[in-house]
Amino acid sequence: MPSSVRLAAGLIAAALFTAPVALPALAHGDVTPQPVNIEGLEKLGPDWRASNPYRGNKRAIEIGSSAYNQNCARCHGLGAISGGIAPDLRFLEEGDPGDEWFSERFRKGAARDGKVYMPAFGEVLGQEAGWAIRAWLETVPQ
Ligand code: HEC
């Protein structure tokens, strides 16, 4: 084998060796939760509320709109209009009765048979962001 070929083979081997370190970061890049700036919202503490304390809150709706587009739209659709890969969140039950199911999914995500359908957001984004998203969702016409 000419030495230039051996050198090339060596470089490829080196690239393959380092690739697995970089790849997971790339592959998961688009599912990294985007931090939500909750400035201007009343802090809610660690215990999750049973119903949305921000319903109708103008600042929460603003924050929720952007938090949704950064964290949820890639699956649930831009503007909450689902393209079909995940449920259309405009049709969640409204008001207090729908809050429980919303927060359950937001906090824990959804998994079946070891497959993650939706990642859990509760720990990473916090309940302020969760309820802000819910407040915005309820302003989107069906
Ligand atoms: C990786 C894709 C993905 C992302 C990102 C995602 N979801 Fe989901 N979500 C799903 C899927 C898929 C389901 C249906 C799960 C099932 O069938 O068990 C779902 C279900 C839900 C449900 C229950 C809907 C119903 O009709 O029962 C809610 C509420 C929800 N998601 C809210 C959110 C919010 C809020 C965000 C952003 C913070 C979000 N999701 C981000 C994929 C996603």
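Student: Which residues in α4 meet which residues in α5?

Tutor: In α4, Gly 98, Asp 99, Phe 102, Ser 103, Phe 106 and Arg 107 meet Gly 122, Leu 125, Gly 126, Ala 129, Gly 130, Trp 131, Ile 133, Arg 134 and Leu 137 in α5 (contact means heavy atoms within 4.5 Å; helices are DSSP runs of H or I, at least four residues, and strands of E, at least two, numbered from the N terminus). The model is predicted, with local features needing pLDDT of at least 70 and side-chain atom pairs pLDDT 80 or more, while totals for chains, interfaces and linings use all residues. Residues are numbered from 1 along each chain as its sequence is written, and side-chain values use heavy atoms, without hydrogens and water.

Student: Which protein donors bind the iron atom of the ligand, and where in the chain are they?

Tutor: His 76 (NE2) and Met 118 (SD) lie 2.0 to 2.1 Å from the iron atom (donors are N, O and S atoms within 2.8 Å of the metal, or 3.2 Å for Na, K and Ca). His 76 belongs to helix α3 (residues 73–76) and Met 118 to strand β2 (residues 115–118), 42 residues apart. Both residues are buried (under 20% relative accessible area, with exposed over 50%, partly exposed in between, 1.4 Å probe, protein chains only).

Student: How should a positive phi be read, and what is the case at Ala 80?

Tutor: Most residues other than glycine have a negative phi. Ala 80, however, has a positive phi near 70 degrees; Ala 80 is in the loop between α3 and α4 and counts as buried because its relative accessibility is 0%.

Student: Is Asp 113 buried or exposed?

Tutor: Asp 113 counts as exposed, at 84% relative accessibility. Asp 113 lies in the loop between β1 (110–112) and β2, and its phi is positive, about 50 degrees, although it is not a glycine.
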